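Me: I would like to go through this model step by step, asking at each point what a term rests on. Please set each value against the definition behind it before you conclude.

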Amino acid sequence: MSVSRAASEPAPPRSRLRAERLYLFALPAVLLFVVFIAYPILWVAGQSLYTGNRASETWAGLANYRAVLVDPTFWIVVRNMVLWGAITIPVQMLIGGLLAWFIERHTHGLRGFFRTAFFLPVVTSVSVISLVWVQIYAPYYGIAQAYLARIGITMVSSPIAEPSQAIYALILVNVWQWTGFSMLMYIAGLANLPGEVLDAARVDGASGWRLATGVVVPMLAPATRSLLLLGIIGTLQTFPIVHLMTGGGPNHASEVFGTHIFRQSFVLGDTGQGATLSVIVLLLALALSLVQIAVLGARLAPAKGGA
Amino acid sequence: MTPATRARLRSLTVHAVLFLVLALWMVPQIYMLSVGLRTPAQAFDPALFTWPVTFDNFVMVIRDNPLGRIFLNTLVVTLATVAIVVAASSLFAFAAAVLRLRGVTVLYATLLTTLMVPLASLVLPLAILLRTFGWVNTYWGLIFPYAALGVPFGIVILKAFMEDAPSELFEAARVDGCTAWQTYWHVALPLVRPALVFVAIWQFIVTWNEFFLALIVMTEAEMKTLTIVPMQYSGLYMSNPGALFAVLTLIALPLVLLYIIVQRAFVGGLLAGAVKG
């Protein structure tokens, strides 16, 4: 839209030198982008085509990509990332949306208190959260096993030590931490809902479930779309919870892209494989974003429709 | 039952349920504080609360650890990042939304792709780039990458706000003979203040808690930031959960307190339509 405006409405006449100096306004952002985003991306793309460490590298063509794709760990990572996104995103939307609805529509004096309290996990350092949850899940002295035992569920070991449960135990921590963020996005969405529309729907006899599904959910679609996009990017960059709680274990069962890249690049020192994985994550992020924009529309992070 | 009593009953029920959910939601944080307040004998009790409480753990971990230095590192990195993000993104947003310079739209679209770049895919090249610059274990080594990653989000929000501002104000400034810089400083920035505050607070939270890059860039003990020290304490205090949870509480506390202080401005910015594309 800015393009058409710029074309139809020429800038007021000023000397060429002054016009060029105006580009200084854009310079800092562009400089940061070129040095710390664009250059690193080009570098990994190039590096993914070489093998060996940084002292002696040889051209490898697509050999790194082949090696990454035949590695069974890669497919565990893919499965875990799909689970992570498929569980985290909808569950957070559902709980966050319900919280937002009840807090905004049914509380007054305590509204600020609830908004803040449910958001606190987001601002609590993720490394602190991870270690606290390790303790909660711990066998013998953790509170999870103690309280679950009272309702008849026995935990013999920590869920993060069980290959079949580890990823779900980590997803639970992630959902717990970020639900407050979904809540706040929906609160912003609800605040921008025109009250007359809700009242009109009420007058027409829509209430409860019909009001929610027929009127409110569609009108919150922009917030939902933002949460979907942010959820996908967040899923792909998952790292601290997994690194701190399981390190990707036991036996790679809870490995995600972050921990896999970390191990290949910094523990094993295999720059070629690390770079290849980085490129794959980048391409995935780009592809998923493009698909989403193609299917759901071009607006990036809207909380109100048609703005 | 009159409609008024029914409304009151419904309000009571909603509040009761919200408090119940909140109590469940706060269990991890209550547990953290509770274990931090325990004597060594109670530390392994599988219960949410124990009695009596003691502040010995807090006294000990404050005395034994350089938490002040770590806090200071985090503060320096975070404040510098916030300052750069607010400055660079508002300048760019001004160029795109108000000056409408030729080619800036293309630059804008390019910068926006950064929003879709997961940090996990950049840590390896950034680590190598920072080594080349000699910026490993320096504040700049975190500040510049954080700023670069934060600027696009700031631009999206500030550009939308500047486009929504009445254009007659910018026109009037031009007629009055203001330079571009004066228009930016005296007209544009005051107009978008709620959005600036929102961007600054969000950037503060994100930077303060960033883990992955900090883990790789800050390897020397005296340069570490608050998010990466809990790991080493979990080793140090493995047999003493009371001390570990006391130190974790202290690490988490500053940002939680800060958020409680600024939450009104933060939510205010959000409700003013900060996040709308």
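Reply: A note before we begin: the model is predicted, and the predictor gives the complex an ipTM of 0.89 and a pTM of 0.88.

Me: Where do the transmembrane labels on chain B come from, and what is the secondary structure of residues 70–99 and 142–162 of chain B?

Reply: The labels come from an unreviewed UniProt entry, which lists "transmembrane region" for residues 70–99, 106–130, 142–162 and 243–262 of chain B. Such annotations may be inferred rather than shown by experiment, so the label should be read as coming from the record. In the model, residues 70–99 of chain B are 100% helix and 0% strand, with the end C-alpha atoms 42 Å apart, and residues 142–162 of chain B are likewise 100% helix and 0% strand, with end C-alpha atoms 29 Å apart. The entry, again unreviewed, also lists "domain: ABC transmembrane type-1" for residues 71–262 of chain B; over that span the chain is 78% helix and 0% strand, and the end C-alpha atoms lie 19 Å apart.

Me: What does the record list for chain A, and how much of residues 22–45 of chain A is helix?

Reply: For chain A, UniProt lists "transmembrane region" (unreviewed entry) at residues 22–45, 81–101, 113–134, 167–188 and 275–298. Residues 22–45 of chain A are 79% helix and 0% strand, with the end C-alpha atoms 33 Å apart, while residues 81–101 of chain A are 100% helix and 0% strand, with the end C-alpha atoms 29 Å apart.

Me: What makes two residues count as a contact between chain A and chain B, and how many residues are in contact?

Reply: Two residues are in contact if their C-beta atoms, placed from the backbone, lie within 7 Å; by that cut-off, 77 residues of chain A are in contact with 81 residues of chain B. Helix α3 (residues 27–47) of chain A gives the most to the side of chain A that touches chain B, with ten residues. That side of chain A has 55 nonpolar, 18 polar and four charged residues.

Me: Why is the crossing of α4(B) and α10(B) called right-handed?

Reply: A crossing is called right-handed if the near helix is turned clockwise from the far one, and α4(B) passes α10(B) in a right-handed crossing; the name therefore describes the sense of that turn. Helix α4 (residues 67–99) of chain B and helix α10 (residues 193–209) of chain B pack at an angle of about 140 degrees, with their axes 9 Å apart. Among the residues that make the contact are T74(B), V77(B) and V85(B) of α4(B) and L196(B), F204(B) and W208(B) of α10(B). By class, this contact has nine nonpolar, seven polar and no charged residues.

Me: How is chain B divided into domains, and how many residues are in contact between domain 1 and domain 2?

Reply: Chain B is divided into domain 1 (3–54) and domain 2 (67–274), and the C-alpha centres of the two domains lie 33 Å apart. Eight residues of domain 1 of chain B are in contact with seven residues of domain 2 of chain B; the side belonging to domain 1 divides into six nonpolar, one polar and one charged.

Me: What makes the peptide bond from W51(B) to P52(B) cis, and where does P52(B) lie?

Reply: The peptide bond from W51(B) to P52(B) is cis, with omega near 0 degrees. P52(B) lies in the loop between α2 (27–36) and α3 (56–64) of chain B. Over in chain A, Y140(A) has a positive phi of about 65 degrees although it is not a glycine, and Y140(A) lies in the loop between α7 (126–137) and α8 (143–150) of chain A.

Me: How do you know which parts carry low confidence in chain A, and what is the mean pLDDT of chain B?

Reply: pLDDT is the predictor's confidence in each residue, from 0 to 100. Chain A averages 83, with 88% of the residues scoring at least 70, yet pLDDT stays under 50 over residues 1–10 of chain A, for which the model has seven contacts beyond four places in sequence. The mean pLDDT of chain B is 88, and 98% of its residues reach 70 or more.

Technical notes
Residues numbered from 1 in each chain as written. Chains lettered and ligands numbered in written order. Predicted model: local features only at pLDDT ≥ 70, side-chain atom pairs only at ≥ 80, totals over all residues. Helix = DSSP H or I, 4+ residues; strand = E, 2+ residues; numbered from the N terminus. Nonpolar A, V, L, I, M, F, W, Y, C, P; charged D, E, K, R; others polar. Axes fitted to C-alpha atoms, helices over the stretch in contact; angles between N-to-C directions. Domains from an automatic or database assignment.
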